[in-house]
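User: Could you teach me how to read the way chains sit together in a model like this one?

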Amino acid sequence: MGAPMLTLRKVADLVGGRVVGDADVEIRSVAPLDEARSDQLGFLASKRYTRFAPDSEAGALLVSAELHSDVGDGRALVVVDDAHRALAALMRHLHPPEPEEAGIHPTAVVGKGVRLGQGVLLAPYAVIGDDAVIEDECRIGAHAVIGRGARLGRQCTLHPHVVLYPRTVLGERVIVHAGTCLGVDGFGYTFEDGGHKKVPHVGRCVIEDDVEIGANTTIDRGSIGDTVVGMGSKLDNLIQLGHNVRVGALSLMASMVGVAGSTRIGKRVLIGGQAGVIGHLEIQDGAQVAAAARVMRDVPAGETVAGDPARPNREYLRTRAHVERLPRLVERVKKLEKAVDALRGRG
Amino acid sequence: MGAPMLTLRKVADLVGGRVVGDADVEIRSVAPLDEARSDQLGFLASKRYTRFAPDSEAGALLVSAELHSDVGDGRALVVVDDAHRALAALMRHLHPPEPEEAGIHPTAVVGKGVRLGQGVLLAPYAVIGDDAVIEDECRIGAHAVIGRGARLGRQCTLHPHVVLYPRTVLGERVIVHAGTCLGVDGFGYTFEDGGHKKVPHVGRCVIEDDVEIGANTTIDRGSIGDTVVGMGSKLDNLIQLGHNVRVGALSLMASMVGVAGSTRIGKRVLIGGQAGVIGHLEIQDGAQVAAAARVMRDVPAGETVAGDPARPNREYLRTRAHVERLPRLVERVKKLEKAVDALRGRG
Amino acid sequence: MGAPMLTLRKVADLVGGRVVGDADVEIRSVAPLDEARSDQLGFLASKRYTRFAPDSEAGALLVSAELHSDVGDGRALVVVDDAHRALAALMRHLHPPEPEEAGIHPTAVVGKGVRLGQGVLLAPYAVIGDDAVIEDECRIGAHAVIGRGARLGRQCTLHPHVVLYPRTVLGERVIVHAGTCLGVDGFGYTFEDGGHKKVPHVGRCVIEDDVEIGANTTIDRGSIGDTVVGMGSKLDNLIQLGHNVRVGALSLMASMVGVAGSTRIGKRVLIGGQAGVIGHLEIQDGAQVAAAARVMRDVPAGETVAGDPARPNREYLRTRAHVERLPRLVERVKKLEKAVDALRGRG
């Protein structure tokens, strides 16, 4: 990497930290503690990894204040309150987004009545359906397919192989990763004449401003009414949202979460990986769902739930502890049985 | 929407319902209760949503007979026995499938010996392998890849980015959603010479008539013998079927279900979202598997199973109740211990 | 199938088995017991399927030594120690890989500074980013997208629609199935100024020699440092590996496994389908994780864990048995309560 060197003084400046030791030490980039070389800043944010500190070849360490005392003397440090935030700031400085060229690749297929804004990039083999609207500075990746009548706000990025079904709507600055399908037909059938007959889905899939969606995720469009992902929410890879799900602003969902149809998820909700939520529920603002939890009831605002079926975390932990102590409970019951037998004999 | 208006009389006629109130009220489309405007028919099928009825701006309501008494007076209604079926019928009337144009896009790549039927649509950048057969009126989406020797019956629809591995077979009227891969190499290795050596998979992936498969789903082909999805079955998004799985007719699988190799699933089986089934099992006709259940034993015909590991539903509910009452059980044992101590002391 | 016929003598020779009965019987291919015809060798490796033996139309059976006595007399057999390994060997003989043509399809888009080795196949619509390196005899499937600066070692196979994000690195003989995305941005944000702000991910996704990865799987690249899948490991379909996950050599992961960021998985680790592992853990060499297990703590070398939360298998089975016997335990406590009441009354 030909990046310019940065002194620790400059690093501390960028991240709002303070230098301990030689502020003139220079680093070129950041690396995990156990991989860092002498021209790199080793990153330490978790007690778990302090064991790597003594042997790290890092030229200096970026460390959170609470771990400061855990790293030995003699190495220059940049100490910060929040190491993750500091890392992010530093990374943004070291790795500014590369300027992307715009332009319509000659192989892009653009339908009738499409409206393309200024500075749009259509990568090779992008296919844009009739009447789609793509606002300024959108970047449409290779092989992306934008269905008839879809609409993208300014500065959206579709990575390669994204599929937007017809009439899907993206706000501004939406990022969608490779292989993700938005606006898929919902899973709805009625059983008639001896077969499952498809229910038309005429709602849309609406993704609001500043949402980012991971790779190979699938979001169904609404049956009647829309499926909506709210402003600033972030979804990881391989997630499934059923028809008419509504997610509020600034929520986060980790990978492999599944949400069944018509469930409403509030603002600033956190859902851990592989969690599942059945249909027609309400998960209110600020709720947290632990990884792998199975949510089968509404979750009130601010509540943390865990387990299968999901219940308030305190209850989950208590029940789990009781289950783990079951062998001991059985022993106690055995003892009681013997004691009672003995008492009876005594009678 | 420029759809023509429908009187409630006409709606009732279409869906086999009866009008309560003014049969001349006109509506243009259907919407969820809390989104419907005055020219729309609000849809009410679940007690859960009756709370939205008083404030709904819907011009009229489509309501199931059992909820009729829950909605206040004064608004025109169409009352039906089965609201979901009525909605589906109405939707099919309001939103007939758009006529699809046929034709081979000049960018489609068609291999040697391919047989294309009448009225086939090959969208931009479809790639058809040598010796594939595509019967009449199939619609092959943009960037779909059809492997060598694959065969599609009449009127199949492949959405964009579908991949059929070589020799995959689809019956008639099969629908496959975007990003789905059918006929993938199964996950089979033997450990030899210090490494995992790939077992050739020479079976096929066979999808029978009227099957619909969601987006980003993966189905492996058979090792020897075929993987089969039976007539009229419907699979949701992000499902995985391992090699040599066989699914009978008219079964339904919700999103994120995983079925390991060689398991046989009967007819009219229902499997809930995120459920998992280990390999070499038999799930017989009419069985139901609850969402997130982990099936580790055969399931007899008509049985409903739930939980991890899955067991008959009644047993699951009973065990779950006992687990939830564990804290109380522990209290009871404590009390007994005290009582027994006291009794002993008395001796 | 126009394959030549093989005598059982020849089959036994190929797989290191012995013939019981007529060694001159000829077969053309292998099939499951219940599907095999008279010119096929029926395959029997599991007690579960011996019930199909009497009615099988197979011309002969390939059977493991331990099941030999379970199949009736009168049919020619090839008896082997390890039926799965014998099947694999026979399949490799009957179905040698088809010779693949090389060549750059005229529709492939190749960026600036790309280095293509000898005998490379670029299928229709493959898109190769600037400065990518593709070594000899790689086969790049239709619509595959290789990002800027990515590097592929010799004899890699990318099936159609694979996406490699920029700078992804594959070793030699790596196989990646359709729709899989490697090197995706990790799921990392810091909350600043009222929104989730993206953390740049500048690490890479590195896949070592002889790895095979199933369809529609997603692997994130590292934030700082790399995400790595070690030599000879095999991953199934629909798997998710988060940023900075490291997997050692020769490990196997079944479908739908999810591994959260920074977790380290050792060598020869086996992870069953739908299992989940939280972030920052260590799963040491030779450990086994049962299907659907939820790993929330480190797993020592050689340990087998199961359940939610995952615990050593013996403990899991014991706890599970206790849970299943809870109704009986409650009965015992009830009896004790009555007995104690009676004893008290007696006092």
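Analyst: In this predicted model, a turn of 120° with a shift of 0.0 Å along the axis lays chain A on chain C with an RMSD of 0.1 Å, where copies are superposed by least squares on the C-alpha atoms of residues with pLDDT of at least 70 in both. That is the relation of a three-fold axis. Local features need pLDDT of at least 70, side-chain atom pairs count only at pLDDT 80 or more, and totals for chains, interfaces and linings use all residues. Residues are numbered from 1 along each chain as its sequence is written, chains are lettered from A and ligands numbered from 1 in the order in which they are written, and side-chain values use heavy atoms, with hydrogens and water left out.

User: How much area do chain A and chain B bury between them?

Analyst: The size of an interface is often given as the accessible area lost when the parts come together. Here chain A and chain B bury about 5,300 Å² (accessible area, 1.4 Å probe, lost on being put together and summed over both), with 62% of it on carbon and sulfur atoms. Of the area that chain A buries against chain B, A:F187, A:H196 and A:I224 supply 13%, more than any other three residues.

User: How many salt bridges does the rule find across the interface of chain A and chain B?

Analyst: A salt bridge is a side-chain nitrogen of Lys or Arg within 4 Å of a carboxyl oxygen of Asp or Glu, and the rule finds seven across this interface. One salt bridge joins A:D298 to B:R48, whose closest N and O atoms are 2.8 Å apart.

How values were computed
Buried area is the accessible area (1.4 Å probe) that two parts lose on being put together, summed over both.
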